[in-house]
Amino acid sequence: MLLFVVSIATFAIFFLVPRLAGMSADDLASRYVGKAANDQMIHEAAIRLGFNDPLVVQYGRFVKGIFVGVDRNYGPGIEHCPAPCLGYSYVTQNPVLPDLLDRLPITLSLALGAAVVWVVFGVSTGVLSALRRGSFFDRLSMGVALAGVSLPIFFTGIVSLAIFRDQLGLVGDVADWVPFSEDPLTWANNLILPWVTLAFLYAAGYARLTRAGMLETMSEDYIRTARAKGLPERMVVVKHGLRATLTPVMTMFGLDLGLLLGGAVLTESTFSLPGIGKYAVDAINNNDLPQVMGVTLTAAVFIILANLIVDLLYAVVDPRVRLT
Amino acid sequence: MKIRSTASAVAITAALALVVSACGGGGSAKKTGGSGAEAPASQYNAGVTQVVNPSDKTGGTLHMGMPGDFDSVDPGDQYYGYAWNFSRLYTRALTMFKPVPGKEGLELVGDLAEGLGKASDGGKTWTYTLRKGIKFEDGTPVTSKDVKYAVARSLDKEILPSGPTYFNDWLDNGDYTGPYKMKDKLDSWKGIDTPDDQTVVFHLKKAYGGFDYFAMLPSTAPVPAAKDTGTKYKEHPVATGPYMFKAHELGKRIELVKNPNWDAATDPNRKQLNDSVEVLLGQNEDDLDQRLLSGKIDVKINSTGVGANARKTVLTDDKVKQYADSAPLDRTWFTNLNADVPPLDNVHCRKAVLYAADRSAIQGAYGGPDAGGEVALSLMPSKMTGYEKNDLYGVEANPGGDVNKAKEELKACGQPNGFSTTISFRVERAAEKQTAESLQQSLGRVGIKLEVKGFPQGDYFKLYAGKPDFAKKNGLGLMVYGWGADYPEGFGFFQQIVDSRVIRAAGNTNLGVKDPEIDKLVDQAAAEQDATKRNSIWASVDKKVMDDAFILPYVWAHGLFYRPPTLKNAFISQNFGMYEFLTLSTQ
């Protein structure tokens, strides 16, 4: 249902806004022809792209592509884009789904790697800050967390590249994307900086959330009871304190990871990583509806999946939740 | 406001990063690609007139990077200068610009063809003879039929939309639209004959004296019909040049390797010095500039050189500046004066604008003399073939404008106290916004009041300034933009911006130059077979446009390019206005 709503909304924004601004079908098509195209070429492009058809018919054609596939003239012949077909780019003329699948490993590598870093550092910093409330460590870590939340990726990214890659030579050339399957070490070396930069932004929020949750939980009666029963402090903190704190952290994690898997737009652009986020930026800049639809639906799928997984994990973390 | 603050933040960040990069070790530009050795000294602008670091050593990889992507690497589907420059690494068109520095680089020579074309039938028929021994990358010999097929497929703008339309417009095509829709009609197509395997004969609808420039277009590079994959041909164009595609990850990277079937004996204009050429696509421009300055990337592929933030570093640090070149481009930045909007229908009112404008201030908006360009005296860029000095408004003596003459023209126009109109610009382009504001100030000196209005650049020509109805209805009297030539000869520069017959309902690049005399001169120049006479007519077109005062030119554009100290055989191609890619190497 969500995918349906998202696709209709994207479609409507793409076609209705220009129409409201007075653009004709030919005006719209003129974006997708060469710069030397004449009126006839533009008009033919409008017909070919179906811009003269009612919006409902155009949307129906898109949905049909997802369930049945699309036939397309590529010049020497007709090719079939099998279902689920997200159509062909208006600009590059490439099929959208293979393009997205081609870029998915890059976005997955970036988002999952960064997620590990921010969860480990964010949660552990939050726990330690809560346990040492008011200490120098608490103030320092919360100050750094504040900076992390405040500084944009294009700032931390470019400055970190200048320092760690150009001056110190500690990391590889991020733009030379190497798949994990080809060379795991180079893959990791090239991604360390994007991971840390992205994690710096997110870890800050997790540290603050975990700290607040831990402070509240650690003052609960059942924590005092656990201590009174003589449980070791580590067990009190991890099993009774942290476990209760993790529920809101997991909710946030599901949303964040889902969004990132749909494209870490700023990080990918800053580090020249050709993932789904960079693809989304190019699609928007080119007013390329099939590509924009593809990215939007991919992001929606990931958000749904991530939230589903988080819902399932609630049962593992919180003993009060049972899957029925 | 949000756009401005974001842009400022990005600029500050990039500037900070460049400062950080430049700190320590005496400046990164002193290192030779990270080896730590001292780099050879060079001179600013050395690459404009001579080959820098000449070398015949072979081996290594040439690393290139670009902020976006090519419109296409299919030779039948590309329009940008950097794409044409790049495609000559793996394809060979009938003719090409001589790959040498200086003015000699504007001369056409034979490439796939033995020499330039032979005209007959008063310039309506052009014949080219192919060199013998040229092969495709798979060893198949190239024949005239492959050239004919290549041009024929480029006519189909549904499948290959991006390239120029010269062959659509000029060849005697009848109703032929290309081999994809008319598979069986290639042989009966009248546009091109192939009497034998070595001869290609072009038949034109009307005479054109500069056809050798059309023969230089990448769409004349041969394509084997059996290997044509239409829209997918860009994944692996079949090579005839010294390199061929090993990998093309669309939108990500390209890797070229040596073409084993390229024979230097058939190609006096190219060498095969690099083992491979790698292009990283879609790079963050500020980061790409940093990598270029530190020698991690050998060449940046784009039209204008280093970005705004890196420019500051290049121009202010002499250690860096010595490796930079300010290259003149075939481009003029100008403002169109719309005669559909009164009182600009009166030539004297238009002349008042041309006299009053402060071109020095606008030069600053475009980046100054090094990164922006020279103050323009007329529309035609001075570097172009056939340029003749034409300073009707005394700009050389008064780049800041001549207020007294402007006032005289306003009196002659019947508007002694000035008038009001609107000036449009592309909102994403800071230089154009500053230009509009600068004109608002300088024209204000004589009472011409401008209302400044920005429009999105993606639709600027299709919906706003380039749509005559919209421009007239909204009173766009002045429209800021600029134009670059397809090739450095009059027709390639003027035709689309001064010929009134190209004006259509929308999507125009001629924003209002309407003079039958200019149209007549364009026709005369196009048909003229004698190059000297032809160039003289183009100079007359330049003078007439200025006399009509339909266009206010202010900057002949330059690009600021950087060549790392390790880059060999580097020089600016006078034709492309960027480094000549054919000669570059790293050993």
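In chain B, strand 12 (residues 324–337) and strand 17 (residues 551–562) run antiparallel and are joined by 10 bridges. That pairing is a good place to enter this predicted model, and the notes below move from the sheets of chain B to the helices of chain A and then to the contact of the two chains. One pair to find on screen is Trp333(B) with its bridge partner in strand 17 of chain B, Val555(B).

**The six-stranded sheet of chain B**

- Strands 12 and 17 belong to an open sheet of 6 strands, whose order is 13-17-12-16-14-15.
- The pairing in this six-stranded sheet is mixed.
- Strand 13 (373–375) and strand 15 (449–455) of chain B stand at the edges with a single partner strand each, so one side of each has no neighbour in the sheet.
- On average, and with direction ignored, neighbouring strands of the six-stranded sheet are turned by 25° against each other.

**The four-stranded sheet of chain B**

- Chain B also has an open sheet of 4 strands in the order 4-5-7-6, and here the pairing is antiparallel.
- Its edges are strand 4 (118–120) and strand 6 (192–196) of chain B; each has a single partner strand, so one side of each is left without a neighbour in the sheet.
- The average turn between neighbouring strands of this sheet is 25°, direction ignored.
- Strand 6 of chain B runs antiparallel to strand 7 (residues 199–203) of chain B, and 3 bridges join the two.
- Within that pair, Asp193(B) stands opposite Val201(B) of strand 7 of chain B.
- Helix 4 (residues 144–154) of chain B packs on the sheet and touches strand 6 and strand 7 of chain B.
- The direction of helix 4 of chain B makes about 170° with that of strand 6 of chain B.

**Chain A as a whole**

- Chain A has 13 helices and 2 strands.
- The C-alpha trace of chain A spans about 85 × 55 × 40 Å along its principal axes.
- Of the 324 residues in chain A, 42% are buried.
- Among the contacts in chain A with a separation of 6 or more, 64% are between residues 24 or more positions apart.

**A helix pair in chain A**

- Two packed helices are described by the angle between their axes and the distance between the axes.
- The axes of helix 6 (residues 136–150) and helix 8 (residues 184–217) of chain A come within 7 Å and cross at roughly 130°.
- These two helices of chain A are therefore oblique to each other, and helix 6 of chain A passes helix 8 of chain A in a left-handed crossing.
- On the helix 6 side, the residues that meet helix 8 of chain A include Met142(A), Ala145(A), Leu146(A) and Val149(A).
- On the helix 8 side, the residues in the contact include Phe200(A), Leu201(A), Ala204(A) and Arg208(A).
- By class, the residues of this helix contact divide into 9 nonpolar, 3 polar and 1 charged.

**Where chain A touches chain B**

- In the contact of the two chains, 38 residues of chain A meet 44 residues of chain B.
- Helix 3 (39–48), helix 7 (153–167) and helix 11 (265–270) of chain A each supply at least two residues of the side of chain A that touches chain B.
- Helix 7 of chain A gives the largest share of that side, with 9 residues.
- The side of chain A that touches chain B has 18 nonpolar, 11 polar and 9 charged residues.

Note on methods. Residues numbered from 1 in each chain as written. Chains lettered and ligands numbered in written order. Predicted model: local features only at pLDDT ≥ 70, side-chain atom pairs only at ≥ 80, totals over all residues. Contact = placed C-beta atoms within 7 Å. Nonpolar A, V, L, I, M, F, W, Y, C, P; charged D, E, K, R; others polar. Pairing = 2+ DSSP bridges. Axes fitted to C-alpha atoms, helices over the stretch in contact; angles between N-to-C directions. Buried ≥ 20, exposed ≤ 12 C-beta atoms within 10 Å, placed from the backbone. Parallel < 35°, antiparallel > 145°, perpendicular 65-115°, else oblique. Left-handed = near helix turned anticlockwise from the far one by under 90°.
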